[in-house]
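Grab a pencil and try these exercises on the structure below. Have a go at each task before you read its solution.

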Amino acid sequence: MFFGEIMNQVLNVAVFEGDGIGPEIMAPTVDILRLLTSRASTYGLNFISLKGGATHYQKTGVSLPDDSLSTARKADAILLSAMGLPSVRYPDGTEISPQIDLRKKLNLFAGVRPVTVLPGQASPIARPDGKPIDFVLVRESTEGLFWSQGCGEVSHDEARETLVITRKTSQKLFEFTFKLAEQRRKTGRGKGLVTCVDKANVFRAFAFFREIFDAEAGNHADIAANHAYVDATALWMVQKPWEFDVLVTENMFGDILSDLGAGLMGGLGLAPSADIGEGHAVFQPCHGSAPDIAGQGVANPFAMILSAAMMLDWLGHEHDNKELLEHSEILREAVNALIMERKFLTRDLGGTSNTGAAANAIKSKLRA
Ligand code: ATP
């Protein structure tokens, strides 16, 4: 390579288009990413479409084929729309959820759930000074109370589930969380504060969680750290969410608080997410496959597109590529602009646009 020559990194993105509205929101998202990539000089994206999900299970009896899993494992990132259909179940009655299998198999311990409320965005709460609300909830996603999933003990008179918190996972989780707070502060999105959400006043397991958090906080003198009990956090998320920057918590607490976060955002149609581990990450909207509106072309593609923006950001940090970071920001800003202008919104946000029109409006913003 000559001095000054720009290296073009081609990154493989595994794509699961999923079930229900999944294919309807994935197709325009990939189109939008192709448009951004067509202007990139330092990276390229190679999309690999993979099989999996409830519809695939119906046809083949397999929900996540081995070759899909191994290709996803080798990919640089995984983009997933929504999987599962209430009418398609395993013989034991549980729903098909390969996205949860991926989380376990790839050890995606950090569930990142940003909560953003922009001026003009329909939300049950309003910030008194009219500024945006912007914080992130990091939900541990491989242990906690969900560790017990499928192996609880139930007798006629008693039921028990076990909560597990390990030092190893907690250390990785907190390290990730403080790094995220550092990134947010650098870009002006956060004030540099991490809050550990627990119930350390009642359970020894959470005192243990908190102790590991405090040890990691000691390694980040530049970031402030504090604690909050989960019940108080639920109250403050409604009363003064603008005071939060990055919250980190156990799996079950995170499961509940992230839906509260989506509620603050005015619904699931705008809530993106990422599940991140070491070298692997899945990006998908918080919502499900919405079978009630599937096939009508009315699904809101914004949460999927915002998840794709999170993917570009993560890839930018993983590969130390500034252009990917810039493209992530450009894409996020394009979606935010439409939300604030209240233009080209889908039905769930009070608009009349269909999926295609909403996605095309993003493309127009990017072209402009
Ligand atoms: P899961 O358990 O798979 O997460 P869920 O039971 O939470 O799914 P969703 O599939 O998320 O349910 O749908 C909940 C409601 O939100 C439905 O009425 C659905 O139509 C609506 N909804 C979800 N996603 C979207 C979207 N992208 N655009 C418009 N409406 C949506």
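A polar contact is a pair of N or O atoms within 3.5 Å. Keep in mind that you are working with a predicted model.

**Exercise 1. Look at the ligand: which residues surround the ligand, and which ligand atom does G288 approach?**

Step 1. List the surroundings: I21, L268, H287, G288, S289, A290, D292, I293, A299, N300 and D348.

Step 2. Go to G288, where a backbone N or O atom sits 2.6 Å from an oxygen atom of the ligand. That distance fits the 3.5 Å limit, so the pair counts as a polar contact.

Step 3. Now try the ligand's nitrogen atoms. A backbone N or O atom of N300 is 2.9 Å from a nitrogen atom of the ligand. For H287 it is an N or O atom of the side chain, 3.2 Å from a nitrogen atom of the ligand.

**Exercise 2. Find A290 and F344: what is the sign of phi at A290 and at F344?**

Step 1. Start with the background: most residues other than glycine have a negative phi.

Step 2. Check A290, in the loop between β12 and α9 (302-318). Phi here is near 40°, a positive value in a residue other than glycine. A290 also belongs to the ligand's surroundings, and with a relative accessible area of 22% A290 is partly exposed.

Step 3. Move on to F344, in the loop between α10 (322-341) and α11. Phi of F344 is positive too, near 55°, and at 45% relative accessibility F344 counts as partly exposed.

**Exercise 3. Is F283 buried or exposed, and what does F283 touch?**

Step 1. Locate F283 in strand β12 (residues 281-285).

Step 2. Compare the number with the cut-off: buried means under 20% relative accessible area. F283 has 1%, so F283 is buried.

Step 3. Collect the contacts, leaving out residues up to four places away in sequence: A77, I78, L79, L80, S273, A274, M304, S307, M310, M311 and W314.

Step 4. Pick L79 from that list. L79 and F283 are 204 residues apart along the chain, yet their C-alpha atoms are separated by 5.0 Å.

Step 5. Follow the contact to A77, in strand β3 (residues 77-80). A77 is buried as well, at 2% relative accessibility. Its C-alpha atom is 5.6 Å from that of A281, again 204 residues apart along the chain. Beyond four places in sequence, A77 touches N12, V13, A14, A281, F283, M311, W314 and L315.

**Exercise 4. Which backbone oxygen does the side chain of Q99 reach?**

Step 1. Find Q99 in helix α4 (residues 98-105). At 15% relative accessibility, Q99 counts as buried.

Step 2. Note the residues Q99 touches, not counting those up to four places away in sequence: L80, M83 and Q284.

Step 3. Follow the side chain of Q99 to the backbone oxygen of M83, at 3.5 Å.

**Exercise 5. At what angle do α1 and α11 pack?**

Step 1. Mark α1 (residues 22-37) and α11 (residues 355-367): the angle is about 10°, and the axes are 10 Å apart.

Step 2. Angles under 35 degrees count as roughly parallel, and therefore α1 and α11 are roughly parallel to each other.

Step 3. Look at who makes the contact. From α1 come E24, I25, P28, D31, I32, L35 and L36, and from α11 come T355, A359, I362, K363, L366 and R367.

Step 4. Sort these residues by type, and you get 8 nonpolar, 1 polar and 4 charged.

Note on methods
Residues are numbered from 1 along each chain as its sequence is written. This is a predicted model: local features need pLDDT of at least 70, side-chain atom pairs count only at pLDDT 80 or more; totals for chains, interfaces and linings use all residues. Side-chain values use heavy atoms; hydrogens and water are left out. Axes are lines fitted to C-alpha atoms, for helices over the stretch in contact, and angles run from 0 to 180 degrees between N-to-C directions. Helices (H or I, at least four residues) and strands (E, at least two) are DSSP runs, numbered from the N terminus. Angles under 35 degrees count as roughly parallel, over 145 as roughly antiparallel, 65 to 115 as roughly perpendicular and the rest as oblique. Contact means heavy atoms within 4.5 Å. Ala, Val, Leu, Ile, Met, Phe, Trp, Tyr, Cys and Pro count as nonpolar, Asp, Glu, Lys and Arg as charged, and the others, Gly among them, as polar. Buried means under 20% relative accessible area, exposed over 50%, partly exposed in between (1.4 Å probe, protein chains only). A residue is near a molecule or strand if one of its heavy atoms lies within 4 Å of it. A polar contact is a pair of N or O atoms within 3.5 Å; within protein, one must be able to donate a hydrogen and the other to accept it, and residues adjacent in sequence count only if both atoms are side-chain atoms.
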